[in-house]
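Here is a short briefing to keep beside you while you look at the model. Take a moment with the sequence and the fold before reading on.

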Amino acid sequence: NNSTESPGIFSKATERISMLTGWGSNRWAQLSSSPGAAATPCLEPKSILEDERFVHVAAGEGHTLMVTEIGDVMTVGRGAEGQLGHGSKLSSSEPRAVEALQGETVVACAAGGL
């Protein structure tokens with residue numbers, strides 16, 4: 001089953017392949033915005049990474065974790081506490097693969113607060 005963890009992120013599933021849409025605050029670009037647009041709220045659902053298919057998504061307070069259909073993990077948004085998994089405390093307005101998990105087949109993820 002595909003899953004959502006928080007209001008504002010919606011995953012529409014068809015045979016375990018999802019098109020991801022999101023809306024809401026977007027304060028830390030957790031909805032995958034263009035650089036500089038992080039503080040702009042998204043008042044209507046918008047597609048996130050249209051070329052990618054997801055099997056699981058989790059939304060934290062300021063970050064989003066996504067598992068692709070091939071088992072890669074991508075993260076976007078606030079990273080001030082290292083929650084994006086990129087080995088730094090930098091935020092990202094563009095989704096990036098978590099390199100430390102390359103070669104692993106991930107099936108689900110979870111996100112907490114900050």
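The notes below cover one strand, its neighbours and the cysteines.

This is a predicted model. The main character is strand 6, residues 73-77, which is largely enclosed by the rest of the structure because five of its five residues are buried. Strand 6 pairs in the antiparallel sense with strand 5 and also runs antiparallel to strand 7.

**Burial of strand 6**
- In a regular strand, side chains alternate between the two faces of the sheet.
- Strand 6 is covered on both faces.
- One side carries Val-73, Thr-75 and Gly-77, and these are all buried.
- The other side carries Met-74 and Val-76, which are buried as well.

**Pairing with strand 5**
- Strand 5 spans residues 63-68 and is joined to strand 6 over five bridges.
- Across this pair, Gly-77 in strand 6 has His-63 standing opposite.
- The two strands form a hairpin with four residues between them.
- In that hairpin, Gly-71 takes a positive phi near 90°.

**Pairing with strand 7**
- Strand 7 covers residues 92-97 and shares three bridges with strand 6.
- Thr-75 has Arg-96 in strand 7 as its bridge partner, and Thr-75 is itself among the buried residues of strand 6.

**Cysteines**
- If you are wondering about disulfides, the structure holds zero of them.
- Cys-42 has a relative accessible area of 14%, so it counts as buried, the cut-off being under 20%.
- Cys-109, with a relative accessible area of 15%, is therefore buried too.

Note on methods. Residues numbered from 1 in each chain as written. Predicted model: local features only at pLDDT ≥ 70, side-chain atom pairs only at ≥ 80, totals over all residues. Heavy atoms only, no water. Disulfide = S-S within 2.5 Å. Buried < 20%, exposed > 50% of the residue type's maximum accessible area, 1.4 Å probe, protein only. Pairing = 2+ DSSP bridges.
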